[in-house]
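Student: Please take a close look at the charged side chains here and at the way they pair. I would like one connected account rather than a list.

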Amino acid sequence: MADVSQAPLQTADGRPLKAALAKAQARAKRRAFLLVLPLLAFVLLTFVLPILQMLQRSFYHDGFSANAPATVAWLEEHPQGSEIDETAYAALVSDLAAMQKAKTAGAAGTRINYTYPGTISIFKEAAREAAKLQPPYKAALVALDKKWEDPLLWVTFRHAASPWTTDFYMVSMDLRRSTDDGLQRAEPEMRIHLQLFVKTFGLSALITGLCLLLAFPIAHLLAILPMRKSNLLMILVLLPFWTSLLVRTSSWIALGQESGIVNDILVGIGIVADDNRIQMMYNKYGTILVMTHVLLPFMVLPLYSVMRVIPPSYARAARSLGATSWTTFRRIYLPQTLPGIAAGSLLVFILAVGYYITPALVGGADGTLISNLISFHMAKANWSQAAALAAMLLVLVLILYWLYDRLIGIDRLKLG
Amino acid sequence: MALPVYASPLERVWYYAFRVICALVFVFLIAPILIVIPLSFNVEPYFSFTEKMLALDPAGYSWRWYDTLLTFGVNAPEDAVRDGSWWAQVWAEATWIKAAKNSLWVGFWATILATVLGTTAALGLSRPEMPYRRLITAILLSPMIVPIIIIATGLFFAYSSTCLPQGNILADAFSPFLSAKGCLANTHLGIIMAHATLGIPFVIITVTATLSGFDQSLIRASASLGASPRTTFFKIIMPLILPGVISGGLFAFVTSFDEVVAVLFIAGPDQQTIPRQMWNGIREAISPAILAIATILVIVSIALLATVELLRRRSERLRGVTPQ
């Protein structure tokens, strides 16, 4: 009997059971993976690769390096700190003459312009004149524009000499180079990016708070009503969810604009004077109002799914032990809803941070978010700058997404 | 939940105040959507109710903005006789009709693509043996989380830079679907692929939810009775998960039907969809014609929501999950 227990168990066809099991499990794993594979390949192709390509763009711009080969060669031969002598200016003038022929002065000037504003015009001007310039070239260029002898311009050239660069992230963080190749804060009027990131986060937090404030009572009501009634009321939450975002935004414009219904009612009641109507569209109040409306269902649904399973007996027990209704809410009910609050708030915040359509349509000048700046740079063909800002936004969103997955689990997301 | 008998006067006040607050929030949620319906019948080009409308005077209402949807972009005199040839011209030329055709075409194929790929993947993901389930699920659901502007920017770079050169075997095979330069930019195929990607997370979520209540022993029972895996799939699995698949498909369709940012970035003049056209309308001069199309879309979304609700209930009945 002891011998039998020592010998490895075998399947009917004589293979060791352990090996057969491992093989069967590997086969099951492979089958499951093969089912997912087509979609994974598709998502890699249409989602992951394009985003990687965008990341590559954010580090790459060959506007200067490709069009100013002689200057690039000079910079490679002369290390940082060398005196910018006549040979450098001669190389630059020969490049400018070539740019004029190839019509690339704008491209090179644009690349420098990102980190040294005001260079597109001086590049174009100098390229036009390049063929006529006589040595000494330094004096000739400086006669055209004082900027050509600025040491900072040459520091900028050095950083643009390679197509691979982190300059666009530098600009996105409101930094600029100093003459000694260090980093310093940009001029006050150029510091727009960090401020916009802060504003985006601030507005998103405010919208999340408003959503929570509005969603909490109705999620509670839906959870305590009998199923038949709550299903009916649930439709009122789900209908906005299913309605086109553009429909909701345009109806808010109809409601909220100066000659819209809300103002008409307020004037009719007499709260607001006819010549002093409230401006609630095309500014940040428009963004806040409409985004709160649009994102509200994303807060109600997770809250509701948590509240529905909270047993009412706990609250009754607290009351029977002498707690007031406020204490019962604060000490018993609220702590049990925290998972729902966390899930809903995080989801709404993630969606709000990247919002584009609503701020673009009703945000006016001061109600726009970081997405709108990305779109602005895309429209101006500042691909690399747009890509760098998008990459920073992406990193922030992915951190929040990771947090959401750790805390709540993305697979527990439900839609209605 | 009725008011308990031991409630204090303050609690009685709160009980009713709470219901009033809830009613106000529901009004906030639903009123902006329903308000467009009467406004779209305004005879005047305003966004407010005129006195005639408030008095329910028929003269205050008209179909003129719906008529605009038909005639906008059509090169025909306003008093043209509306005979067969006029309708044929409208069908071929009207801006909104063309946009609707594009939206339906893109939406249909994006839904098919998302539903087929998404359902297959959900079947794999819900198997207990699936390796790296958490990571892969997170990747597949991320198009829902990553801001659309980032996806659109990425697609813009990808579609305009990766092109198949002329003479390539693949380029010849796919030439009807690609632009003249052999790129995906400015093509229907490009938008369909982008919209399918955006719709896939919804399909995965709904189908996985349906599969979570799926009794795996049914598959073994079917196999023990001699059914092939194919038969098991079509006769056992498919009927049970079908409600989830259809809901997911409807979600994917709505996602595509409502999507404007990717279209703005990667579509050309031949791929103008309804949202793209609405975007133009809202940005330029917002006219009540926008409210007319909005009303049509609200009615469509009510119909879709009703369908999904019915499917969800049917699915719960089939799986024996009864609402408590």
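Tutor: A residue is called buried when its relative accessible area is under 20%, exposed when that area is over 50%, and partly exposed when it falls in between. With those limits in hand, the charged pairs can be read one by one, bearing in mind throughout that this is a predicted model.

Side chains of opposite charge can pair when their charged atoms come close. Across all chains, a search of the whole structure gives nine salt bridges, including one in chain A between Lys132(A) and Glu129(A), where the N to O distance is 3.6 Å. The two partners fall into separate classes of exposure: Lys132(A) counts as exposed because its relative accessibility is 59%, whereas Glu129(A), at 27% relative accessibility, counts as partly exposed because that value lies between the limits of 20% and 50%.

Another pair in chain A brings the side chains of Arg177(A) and Asp167(A) into a salt bridge, at 2.9 Å from N to O. Arg177(A) belongs to strand 1 (residues 175-177) of chain A and Asp167(A) to helix 9 (residues 167-172) of chain A, so this contact ties together parts that are ten residues apart in sequence. Here both partners, Arg177(A) and Asp167(A), are buried.

A further salt bridge runs between Asp405(A) and Arg134(B), whose closest N and O atoms are 3.5 Å apart. Asp405(A) sits in helix 19 (residues 383-407) of chain A, while Arg134(B) sits in helix 7 (residues 133-141) of chain B, and therefore the pair joins two chains. Asp405(A), with a relative accessibility of 12%, counts as buried, and Arg134(B), with 48%, counts as partly exposed. Returning to chain A, salt bridges with shared partners link Arg111(A), Asp167(A) and Arg177(A) into one network, so the buried pair of Arg177(A) and Asp167(A) is to be read as part of that network.

Charge also collects without such pairing, and the residues of a patch are taken from those with no salt bridge and with over 30% relative accessible area. On the surface, a patch of positive charge is made up of Lys23(A), Arg27(A), Arg30(A), Arg31(A) and Arg127(B). One of these residues, Arg27(A), is located in helix 2 (residues 17-58) of chain A, and its relative accessibility of 41% makes it partly exposed. Among the spans that the unreviewed UniProt entry lists as "transmembrane region" is residues 32-52 of chain A.

Chain B offers a nonpolar counterpart for comparison: Trp105(B), Phe108(B), Trp109(B), Ile112(B) and Val116(B) form a surface patch of that kind, with about 510 Å² of accessible area together. Val116(B) is part of helix 6 (residues 95-125) of chain B, and at 52% relative accessibility Val116(B) counts as exposed.

A last charged residue to look at is Lys181(B), which is placed in the loop between helix 9 (169-174) and helix 10 (188-212) of chain B. Lys181(B) is exposed, having a relative accessible area of 70%. Although 16 residues separate Lys181(B) from Pro165(B) in sequence, their C-alpha atoms are 7.4 Å apart in space.

Technical notes. Residues numbered from 1 in each chain as written. Chains lettered and ligands numbered in written order. Predicted model: local features only at pLDDT ≥ 70, side-chain atom pairs only at ≥ 80, totals over all residues. Heavy atoms only, no water. Patch = residues over 30% accessible without salt bridge, like charges linked within 9 Å, V, L, I, M, F, W, Y side chains within 5 Å. Areas by Shrake-Rupley, 256 points an atom, 1.4 Å probe, with all protein chains shown as cover. Salt bridge = Lys/Arg side-chain N within 4 Å of Asp/Glu carboxyl O. Lys, Arg positive; Asp, Glu negative; His and termini not counted. Charge placed at Lys NZ, Arg CZ, Asp CG, Glu CD. Helix = DSSP H or I, 4+ residues; strand = E, 2+ residues; numbered from the N terminus. Buried < 20%, exposed > 50% of the residue type's maximum accessible area, 1.4 Å probe, protein only. UniProt positions renumbered as here; feature names shortened; annotations may be inferred.
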